[in-house]
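Q: I would like to learn how to read a helix in a model like this one. Could you walk me through it?

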Amino acid sequence: MRNSFSKGTLKKLETLLMLLGYTVRYEKGQFKSGYCIVKNRNIVVLNRFYETKQRVITLNTVLSTIPISDLTVLDEKSKQYLSSLRPELFDNQMNLSLAS
């Protein structure tokens, strides 16, 4: 699937993070990677000066760091959307379930 950098895509990514128990905030800051995750609080803080495209790219990066076990809280539609963005997460999950 080709990535879309629209506000709709941004909203879907924010919703995915919310379903995974994360709060997304947009704040001023000099984050080297454009974001930071507040430890033990599940808060993702993004540079508020980013345009929509960079926000989508950054949230996609954040989603790639979430442990696989956390993906079990998603409904089927959310899993399908996430798998279109990050198929390697689901490939690894399949490999883990086959190894068990």
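Q: Which residues of H1 are exposed?
A: Happy to help! This is a predicted model, and a residue counts as exposed when its relative accessible area is over 50%. Lys7, Lys11 and Met18 are exposed on the other side of H1 from its buried residues.

Q: Then which residues of H1 are buried?
A: Here the cut-off is under 20% relative accessible area. In H1, the buried residues are Thr9, Leu10, Leu13, Leu16 and Leu17. Looking down the axis of H1, you find them within an arc of 120 degrees, so they line one face of the helix.

Q: What covers the buried residues of H1?
A: For this, look for the parts of the chain in contact with that face. The cover includes strand S1 (23–27), along with helices H2 (52–63) and H3 (76–85).

Q: How many residues does H1 have, and what does it reach from its first C-alpha to its last?
A: You can compare the span with an expected value. H1 runs over residues 7–19, which is 13 residues, and it reaches 18 Å, close to the 18 Å expected at 1.5 Å a residue. After H1 comes Gly21, with a positive phi near 90 degrees.

Q: What pattern does the chain follow along the sequence?
A: Read it from one end to the other: α-β-β-β-α-α-α. That reading contains 4 helices and 3 strands.

Q: Where does pLDDT stay under 50?
A: Always check the confidence too. The chain has a mean pLDDT of 79, with 82% of its residues at 70 or more. Over residues 94–100, however, pLDDT stays under 50, and the model has 1 contact beyond four places in sequence for them.

How values were computed. Residues numbered from 1 in each chain as written. Predicted model: local features only at pLDDT ≥ 70, side-chain atom pairs only at ≥ 80, totals over all residues. Heavy atoms only, no water. pLDDT = per-residue confidence, 0-100. Contact = heavy atoms within 4.5 Å. Helix = DSSP H or I, 4+ residues; strand = E, 2+ residues; numbered from the N terminus. Expected span 1.5 Å × (residues − 1). Buried < 20%, exposed > 50% of the residue type's maximum accessible area, 1.4 Å probe, protein only. Arc of directions from axis to C-beta.
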